[in-house]
Amino acid sequence: MRWFRFAVLYTCLGLAANVAAAADRDALEAMREGDMRKLVFSEAKAVPDTPFLDASEAEMTLADLKGKYLLVNFWATWCAPCREEMPALSELQADLGGDAFEVVTIATGRNPPAAMRRFFGEVGVDNLPLYRDPTQALARQMSVLAMPVSVILDPDGNEIARLVGDADWASDHARAIVTALTGTDG
């Protein structure tokens, strides 16, 4: 009989957590204004453990970055909307990046490191990682079909939101969503 009480207790806790998550998602949905209207929240889903390369050409996975909210941006050096968006991502990282949140940029496809560094220099970005997915394996497994695509991961490494296309990530609307997610005051 004792196991039954525990089963009921854990079921109730699970249901309460799901209700709270839905309420949080509804609150976040209500914050979607401006470019953030393109941001689509979803049930948390695991991301693949497909490796990509860091600036030193060492393999890593998104799981290596768990522990904080991540805004993972898939981009390319040839992508005009990426050129427009990257400074706003840099500004968001400068203002809100830290223990609870980080902007992670992953160039996907044929993007030589020298071209990536030149791209960042041309758009005035010096605070974002030069990660790359040269075979597009991670991008394919995450259903990245266009550039740019931004995916928000929770601290457990699950995808919780996605935005296809460029956005002003330095806008007040984007900042409000990030601060609501992280529970920080920005």
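# Notebook: disulfide, cores and loops of a predicted model

I noted at the outset that both Cys79 and Cys82 are buried. The model is a predicted one, and I have read every value below as computed from it.

**Entry 1. The disulfide.** I looked up how many disulfides the structure holds and found 1. Cys79 and Cys82 form it, with their sulfur atoms 2.4 Å apart. I then checked the torsion about the S-S bond of Cys79 and Cys82; it is about 80°, so the disulfide is right-handed.

**Entry 2. The chain as a whole.** I counted 5 helices and 8 strands in the chain. Starting at the N terminus, I recorded the order of elements as α-β-β-β-β-α-β-α-β-α-β-β-α. The chain has 186 residues, and 46% of them count as buried. I also looked at how contacts are spread along the sequence: of those between residues at least 6 apart, 74% join residues at least 24 apart. For the accessible surface of the chain I noted about 9,600 Å², with 54% of this belonging to carbon and sulfur atoms.

**Entry 3. Aromatic pairs.** I found 4 aromatic pairs in the structure. For the rings of Trp75 and Phe120, I recorded centres 5.3 Å apart and planes at 25°; planes under 30 degrees apart count as stacked, so this pair is stacked. Trp75 belongs to strand 4 (residues 69-75) and Phe120 to helix 3 (residues 113-123), so the pair ties together parts that are 45 residues apart in sequence. I next asked how accessible the two partners are. Trp75 is buried, at a relative accessible area of 0%, and Phe120 is buried as well, at 4%. Ring pairs also bring in Phe119, which is linked with Trp75 and Phe120 into a cluster.

**Entry 4. Asn111.** Which loop holds Asn111? I located this residue between strand 5 (101-108) and helix 3. Its relative accessibility is 1%, so Asn111 counts as buried. I then looked for polar partners of its side chain. The side chain of Asn111 reaches the backbone nitrogen of Thr77 at 2.8 Å. A polar atom of the same side chain lies 2.7 Å from the backbone oxygen of Thr108. Setting aside neighbours within four places in sequence, I listed the contacts of Asn111 as Trp75, Ala76, Thr77, Trp78, Met116 and Arg132. Trp75 in this list is the residue I had recorded as stacked with Phe120.

**Entry 5. The nonpolar cores.** I looked up the largest nonpolar core and found 36 residues in it; Leu39, Met86 and Trp169 have the most contacts inside it. The elements giving two or more residues to this core are strand 1 (39-46), strand 4, helix 2 (80-96), strand 5, helix 3, strand 8 (158-164) and helix 5 (172-182). Helix 2 gives the most, with 6 residues. Apart from this core I noted another, of 18 residues, with Val47, Phe52, Leu65 and Val149 among them.

I followed Trp169 further. Leaving out neighbours within four places in sequence, I found Trp169 in contact with Met36, Leu39, Leu71, Glu85, Ala88, Leu89, Leu92, Ser150, Leu163 and Ala174.

**Entry 6. Helix 5 and its end.** Which residues of helix 5 are buried? I recorded Ala174, Arg175, Ile177, Val178, Thr179, Leu181 and Thr182. An α-helix has 3.6 residues a turn, so residues three or four places apart point the same way. Just after helix 5, Gly183 takes a positive phi of about 75°.

**Entry 7. Backbone details in the loops.** I found a cis peptide bond joining Met147 and Pro148, with omega about -15°. Pro148 is located in the loop between helix 4 (137-141) and strand 7 (149-153).

I then noted positive phi values in residues other than glycine. Glu57 has phi near 75° and sits in the loop between strand 2 (52-53) and strand 3 (59-60). At 38% relative accessibility, Glu57 counts as partly exposed. Gln136 has phi near 60°, and I placed this residue in the loop between strand 6 (131-133) and helix 4. Gln136, at 34% relative accessibility, counts as partly exposed.

Definitions and conventions:
Residues numbered from 1 in each chain as written. Predicted model: local features only at pLDDT ≥ 70, side-chain atom pairs only at ≥ 80, totals over all residues. Heavy atoms only, no water. Phe/Tyr/Trp six-rings, centres within 6.5 Å; stacked < 30°, edge-to-face > 60°. Helix = DSSP H or I, 4+ residues; strand = E, 2+ residues; numbered from the N terminus. Buried < 20%, exposed > 50% of the residue type's maximum accessible area, 1.4 Å probe, protein only. Disulfide = S-S within 2.5 Å. Polar contact = N/O pair within 3.5 Å; in protein donor to acceptor, adjacent residues only side chain to side chain. Contact = heavy atoms within 4.5 Å. Core = buried A, V, L, I, M, F, W, Y, C linked by side-chain atoms within 4.5 Å. Areas by Shrake-Rupley, 256 points an atom, 1.4 Å probe, with all protein chains shown as cover.
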